[in-house]
Amino acid sequence: MTQTLSGTQTTSVADAVVVGAGFAGLYMLHLLRDKLKLKARVFESADGVGGTWYWNRYPGARCDIPSHHYSFSFSEELQQEWTWSEKYAAQPEILEYLEFVARKFDLNKDISFGTRVSSAHFNEAEQRWIITTDRGETVVARYFIPAVGTLSDANIPKFKGHGSFQGQVLFTGKWPKEGVNFAGKRVGIIGTGATAMQAIPVIAEQAAHLTVFQRTPNYGTPLRNEPMDPAVDREVKANYRTLRQQAWESFAGVPFERLKPSALADSPEERRKQYEACWEDGGFSLWIGCYGDTLFDHTANRYAADFVREKIRARVQDPAVAALLCPPESQAYGTKRQPCETHYFETFNRDNVRLVDIRTHPIDEILPTGLRTTGGEYTFDILIYATGFDAFTGAMFKMDIRGAGGRTLQDYWSAGPRTLYGLGAHGFPNMFFITGPQSPSVLFNMPLGIEMHCEWIADCITHMNAHGYTAISANTEDEDRWIRHTKELADATLLPEATSWYLGANIPGKPRVFMVYLGGGKHYKEVISRCAAEGYAGFTLTPSS
Ligand code: N01
């Protein structure tokens, strides 16, 4: 199905349309408009910038890699101007930061807020995308860049009785802007992932009572947030270049100084010392900054898992509750994303908090007054869904995206996402992903990964313009090669063993494909830089006719 431009009501023409005004959309707009001097339009469904950090306003939301790293590196002036107040910034401060970035680079004037992109269809004759919005606007653009985030489409399980609860229903990923007053309220929360583990301790302090419905216990470890030490801030700012270089040299875009190659090479005493030190460091230190084989070798993994279970038991007073909160041996440590918490386990020592095991007694039905599991009935005033996201593909599929020949993205990705380097897909010319599937994305420092992709895309467009190309599309065989390589890397680790969102396993019916590239950011950057240096090898470029 090919659409002709003559038959389309067009209200405007642009060089590029970007969807989303989070970290990715903001930097992409800055590059397209201010570096490439192109006309770029950004559409954002929210009424402000921020993306993930706009919507995830739930209590306790904060980043879990240090703020100095969790920020843009492209502008030294910006790095020097902005001062973080905490080691790990909370959501309001990250949102303020992104608002500051938007003001500093004068980005808001090219963003249409409160506007959702409904469809994007590629017109082959014109080699352009026709993009429509829910406000009735149509834009014709050479490039279409959905910067919609990897974790932006909420997963809301449809339990029996869905929608029947008469109290307030909240979703952590769409938290009300005006906030929530929990005082005197009985609250139920479904889910115990990274989000819930941040929210639960804060809500428990405010609510009259909190019931936590847990299907899978998680290996949470302490974040150890603290106010920013001005001396540390000064030192970072004096050496930001070195700090960023160290980040780029590391696997996940954050340097860890303690990392040792193998837990198996150390004696039990040395191992304990190393684990304790990483535990004290906090954040992701135990997960990816401790031993290089934690996520590769079952024995090394079990050592770390035993250590975390021991810590959980020491933090929770009631042994029966502690046992429920300890992930079983069958669940390898860190194969689901490592949640970083602040007093999460101690929260279950409070009189006003109750843990309900919905693995043994699943949720049977949502009721007007609360919910019923196969083990009992629970009544509350507020019900919170902290049930995660349809990662990578959910937000993409919310738009009607059709590439060459009218083929929908859903159809092309029906057996799981297919991309070359997580940047482009065959048959979807001039459509670029930012931190797309099969790139390091969520297992890399997000702002740095976003910068890497935005810069690659900007360079690619510059190359196309300089050489008179009108279209670029990934080759199928190169996609196959990259998908195979991504799978091989994942299969060499323990990660595919978990029923995690990395695999799409949290969404009923979603194909199980490991969606993250695990070769590390440094290696990945070399791969995509080589691709560019070789004239975008693996992609087909179409000269203008
Ligand atoms: O989502 P999740 P999340 N019945 O999918 C449960 C990022 N993040 O929002 O494990 C009952 O991890 C589900 O149970 P189970 C980070 O990358 C970053 O917490 O499937 N329960 C689980 O307990 C993270 O990984 C920060 O058995 C159901 C929970 O809901 C990602 O976001 C902070 C259910 C969902 O956990 C997602 O984390 C927070 C059902 N039908 C999050 N369906 C930062 O610090 C789901 N659950 C930057």
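Colleague: By class, how many nonpolar, polar and charged residues does the shell around the ligand have?
Modeller: The shell has 11 nonpolar, 9 polar and 5 charged residues. Here Ala, Val, Leu, Ile, Met, Phe, Trp, Tyr, Cys and Pro count as nonpolar, Asp, Glu, Lys and Arg as charged, and the others, Gly among them, as polar. Heads up: this is a predicted model, where local features need pLDDT of at least 70 and side-chain atom pairs count only at pLDDT 80 or more, while totals for chains, interfaces and linings use all residues. Residues are numbered from 1 along each chain as its sequence is written, and side-chain values use heavy atoms, with hydrogens and water left out.

Colleague: OK, and which residues are closest to the ligand?
Modeller: Arg-62, Thr-195, Arg-215, Thr-216 and Lys-336 are the closest, out of 25 that surround the ligand. To count as near, a residue needs a heavy atom within 4 Å.

Colleague: Which helix gives the most to that shell?
Modeller: Helix 5, residues 194–206, with 3 residues. Helices (H or I, at least four residues) and strands (E, at least two) are DSSP runs, numbered from the N terminus.

Colleague: What about the ligand's oxygen atoms, how far is one from the side chain of Asp-64?
Modeller: An N or O atom in the Asp-64 side chain is 3.0 Å from a ligand oxygen. Gln-198 also has a polar side-chain atom 3.4 Å from an oxygen of the ligand, and a polar backbone atom of Gly-193 lies 3.4 Å from a ligand oxygen. For the ligand, a polar contact is a pair of N or O atoms within 3.5 Å.

Colleague: How much of the ligand does the protein bury?
Modeller: 87% of the 920 Å² that the ligand exposes when taken alone. Those areas come from the Shrake-Rupley method with a 1.4 Å probe.

Colleague: Switching to sheets: what's the strand order in the one with 7 strands?
Modeller: It goes 3-2-1-6-5-4-17, an open sheet with mixed pairing. Strand 3 (111–112) and strand 17 (400–402) are at the edges with a single partner strand each, so one side of each has no neighbour in the sheet. Two strands pair if DSSP finds at least two bridges between them.

Colleague: How do strands 2 and 3 pair, parallel or antiparallel?
Modeller: Parallel, over 2 bridges, with strand 2 covering residues 40–43. Val-42 stands opposite Ile-111 in strand 3.

Colleague: And the sheet with strands 13, 14 and 15, what's its pairing?
Modeller: Antiparallel, in an open sheet ordered 13-14-15. The edges are strand 13 (363–367) and strand 15 (376–379), each pairing on one side only.

Colleague: How many residues sit between strands 14 and 15?
Modeller: The two strands form a hairpin with 2 residues between them. Strand 14 (residues 370–373) is joined to strand 15 by 4 bridges. Arg-372 has Glu-377 as its bridge partner, and Thr-373 stands opposite Gly-376.

Definitions and conventions. Polar contact = N/O pair within 3.5 Å; in protein donor to acceptor, adjacent residues only side chain to side chain.
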